[in-house]
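User: I would like a close look at a single part of this model, namely one helix together with the empty space around it. Please take me through it in one connected account.

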Amino acid sequence: MSTSSAGKRIVFTGGSGKAGRHCIPYLLSKGHSVLNVDLVPLPHPKVHTLKADLTDSGQVFNALTSHFHLSHYDNPRSPGGSGVEKPDAVIHFAAYARNLLVPDSECFRGNVLSTYNVIEAACKLGIKKVIIASSETTYGVCFAQGDADYHSFPLEEDYDNDPEDTYATSKLCGERCARSFARRFPGTDIYALRIGNIIEPHEYEPDFPDYVNRPETRKRNAWSYIDARDLGQICDLCVQKDGMGFQVFNATNDTITTKEPTAETLKRYAPNTPITRQMGKYEAPLSNRKIREELGFKDVHDWRKYVEI
């Protein structure tokens with residue numbers, strides 16, 4: 001495994017969404033160049049948005065072989081080539097973001113087909129790094145009917161994921177596609193991020209006090225979250241870390257979203273769920289231990305910096 005530090009050319013799908021509009025500026029700050037592929041423009045002066053239907057394989061192949069900006073037509077043509085440089089990485093965040101935005105069948109079709117198309121095109125074009133958005137919902141409680149229990153804590157990447165809802169199932173299918181293509185194309189890294197509840201900077205003041213003071217309402221999110229800016233850091237770390245093949249990473253911040261320590265919170269609000277290892281005093285139940293140990297993630301935006309308790 002190796003780490004490369006030079007700026008990369010990154011195609012980012014869904015970059016105009018809640019996560020992307022914070023991840024892309026972070027990637028730019030690290031010296032990367034980014035093409036946003038979305039149906040809605042990203043209002044950023046350094047980022048061009050290419051509109052594309054990712055459920056159409058042809059459009060996906062074209063998007064991954066596109067210029068990043070109109071000014072790139074001024075670049076000299078390479079011998080025998082078109083003058084279009086191949087991307088170094090693809091980050092695929094575009095999706096229906098939850099259930100009940102569209103009928104279930106369309107949520108499944110759109111999310112699975114777009115993920116398949118992006119991974120297939122990237123692999124067949126020789127792009128060696130693909131990062132896809134999976135979800136906290138794959139742990140089976142977020143969109144479960146009624147009150148459901150997790151199998152065990154902490155929630156880690158070797159968990160037996162068995163969601164019952166369509167959105168989470170579509171994300172698990174995306175993970176399976178990623179694993180399949182990583183095996184089919186040796187030397188290609190495909191990392192799936194099980195992203196926690198995304199919090200934007202402006203959401204701390206109005207929303208987080210309720211999360212902290214009413215912990216019974218946060219079981220579906222496993223009392224965990226990811227700051228959108230720290231998610232940008234995770235994307236950058238994934239781009240830089242080579243040679244890991246197929247991997248799944250929980251993408252969350254370090255700490256639980258409660259005043260009480262983790263053990264006390266879980267004993268009170270999830271008394272029937274076993275704990276399989278000793279957890280840190282305030283460790284998030286949706287644990288990010290793997291990205292800390294294997295990618296070097298550092299929690300920058302702990303919620304306690306922004307919320308008085």
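Analyst: What follows is an account of helix H4, its packing and the spaces it helps to line. The model is a predicted one, and every value given here is computed from it.

Helix H4 (166-184) has 19 residues and spans 27 Å from its first C-alpha to its last, which is close to the 27 Å expected at 1.5 Å a residue. Its N-terminal end is capped by aspartate 165, a side-chain oxygen of which lies 3.2 Å from the backbone nitrogen of tyrosine 167. That tyrosine is itself buried, and the buried residues of H4 also include Thr166, Ala168, Ser170, Lys171, Gly174 and Glu175, followed further along the helix by Cys177, Ala178, Phe181 and Ala182. The partners against which these buried residues pack are helix H3, strand S6, strand S7 (189-195) and strand S11 (246-251).

Two of those partners, H3 and S6, return when one turns to the enclosed space. A search of the whole structure finds 2 cavities of 30 Å³ or more, and the largest cavity holds about 50 Å³ of space. The elements that give two or more residues to the lining of this largest cavity are H3, S6 and H4, and H4 gives the most, with 4 residues. Its lining consists of Asn111, Thr115, Ile132, Ala133, Ser134, Ser170, Lys171, Gly174 and Glu175; of these, Ser170, Lys171, Gly174 and Glu175 are listed among the buried residues of H4. By class, the lining of the largest cavity has 2 nonpolar, 5 polar and 2 charged residues.

The second largest cavity, with a volume of about 40 Å³, draws two or more residues from each of strand S2 (9-13) and helix H2 (57-63). Its lining has 8 nonpolar residues, 1 polar residue and no charged residues.

The helix also takes part in the open space of the model. About 1000 Å³ lies in the largest pocket, to whose lining helix H3 (104-124), strand S6 (129-135) and helix H4 each give two or more residues. Here H3 gives the most, with 5 residues. The lining of this pocket counts 39 residues, and Phe93, Ala94, Ala95, Tyr96 and Ala97 lie nearest its centre. By class, those lining residues divide into 17 nonpolar, 14 polar and 8 charged.

Taken together, H3, S6 and H4 each contribute two or more residues to the largest pocket and likewise to the largest cavity, while H3 and S6 are also among the elements against which the buried residues of H4 pack.

Methods. Residues numbered from 1 in each chain as written. Predicted model: local features only at pLDDT ≥ 70, side-chain atom pairs only at ≥ 80, totals over all residues. Heavy atoms only, no water. 1 Å grid on protein atoms, 1.4 Å probe; cavity = no way out; pocket = protein on both sides within 12 Å on 5 of 7 lines; lining within 4 Å. Points joined across faces, edges and corners; volume = space filled by probe spheres on them. Nonpolar A, V, L, I, M, F, W, Y, C, P; charged D, E, K, R; others polar. Expected span 1.5 Å × (residues − 1). Buried < 20%, exposed > 50% of the residue type's maximum accessible area, 1.4 Å probe, protein only. Contact = heavy atoms within 4.5 Å. Polar contact = N/O pair within 3.5 Å; in protein donor to acceptor, adjacent residues only side chain to side chain.
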